[in-house]
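Student: Could you put the model up so we can go through it together? I've got a few things to ask.

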Amino acid sequence: VQIEGVLKQALRENGLCLHYQPVVDIHTGRLVSVEALVRFADGAWPPDRFVPIAESSGLIAELGEWVLAEVCRQLAKWRREGMPPVPIAINVSALQFRNNVFMESLFAAIKAGRVPAGEIQIELTETAVMEDLRVAVGMLQRLRGEGVKVALDDFGTGYSSLNYLSQLPLDKIKVDKTFIHRLFTDEASRAVTDSIIALGRALNLEIVAEGIECREELAYLRELGCDQAQGYYLCRPISGDEFSAWYRRHG
Ligand code: G
Ligand code: G
Ligand code: NA
Ligand code: MN
């Protein structure tokens, strides 16, 4: 509806911004990477409202270009400030992954030296890779070949079959936050979380728990053998400047 017009304007008039949410080593608390999360600068609409509209209206290509350019700009700014390199993970929707526009822009940016491949990571959902496994495997191999790490996001909410997971050249899986939220109230969520972690370990994948909101969740996941953690308890998504201050304090 009207979001489409507002988004189009925001894309042209610098009305969007990225927030960054740290992912830390669950044992040491040290920073591993940050996830980029797109926002309206004035907070007008949340991303779970406008990203789907960007997709249905065709603005997703432009949004993806903007996100990639902004990530490159931010990495360069942090580097100028003397910050040690921190990889930024970019969310890529199923549509963006399948229509290739974003992926080709990413490869072009790396090739042109606009960003070091090791400083970009990709987060994909199960739906993005499920539709055509053969094509997805090819794309993941290309990313891997460049040195771009790939995470399977919201893991456990899609059609996770052991068969496809073992065929995918992935680096990490992110246990969906809905399981983490129900860890101590729902036996089934705890069982699912336990088995996702066991599966990730068996396949030699890095395992990230997202949506951690309290100390008890963090401790439980550490005990279970999770590798990395992300969530409001550790740090909310914050601006690039706020993040460099956080990193200076936190290491
Ligand atoms: O930021 P928040 O936690 O509210 O994210 C809501 C949803 O929007 C998540 O599913 C997230 O993956 C998605 N999202 C956030 N930033 C981007 C982006 O830059 N590109 C795409 N495709 N999705 C994003
Ligand atoms: O789909 P994806 O996993 O990319 O979505 C990430 C979303 O999760 C973002 O909207 C982010 O703001 C949100 N998020 C990050 N940490 C927490 C948390 O601890 N609790 C909740 N409820 N949401 C979180
Ligand atoms: Na994500
Ligand atoms: Mn997620």
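Student: In S4, which residue is the bridge partner of Asn91?

Tutor: This is a predicted model, where local features need pLDDT of at least 70, side-chain atom pairs count only at pLDDT 80 or more, and totals for chains, interfaces and linings use all residues. Residues are numbered from 1 along each chain as its sequence is written. S3 and strand S4 (residues 120–125) pair in the parallel sense over 4 bridges; strands are DSSP E runs of at least two residues, helices H or I runs of at least four, numbered from the N terminus, and pairing takes at least two DSSP bridges. In S4, Asn91 is bridged to Glu123.

Student: And which residue in S3 stands opposite Ala36?

Tutor: S2 and strand S3 (residues 88–91) run parallel, joined by 3 bridges. Opposite Ala36 stands Ile90.

Student: Which helix gives the most to the largest nonpolar core?

Tutor: That core has 64 residues, and Ile88, Ile90 and Val175 touch the most other members. A core here joins buried Ala, Val, Leu, Ile, Met, Phe, Trp, Tyr and Cys through C-beta atoms within 7 Å, buried being 20 or more other C-beta atoms within 10 Å, with C-beta atoms placed from the backbone. With 7 residues, the top contributor is helix H3 (residues 60–80).

Student: How many residues surround ligand 2?

Tutor: Counting goes by C-beta atoms, placed from the backbone, within 6 Å of the molecule. The closest are Asn91, Gly211, Glu213, Gly231 and Tyr232, and the total is 13.

Definitions and conventions:
Chains lettered and ligands numbered in written order. Buried ≥ 20, exposed ≤ 12 C-beta atoms within 10 Å, placed from the backbone.
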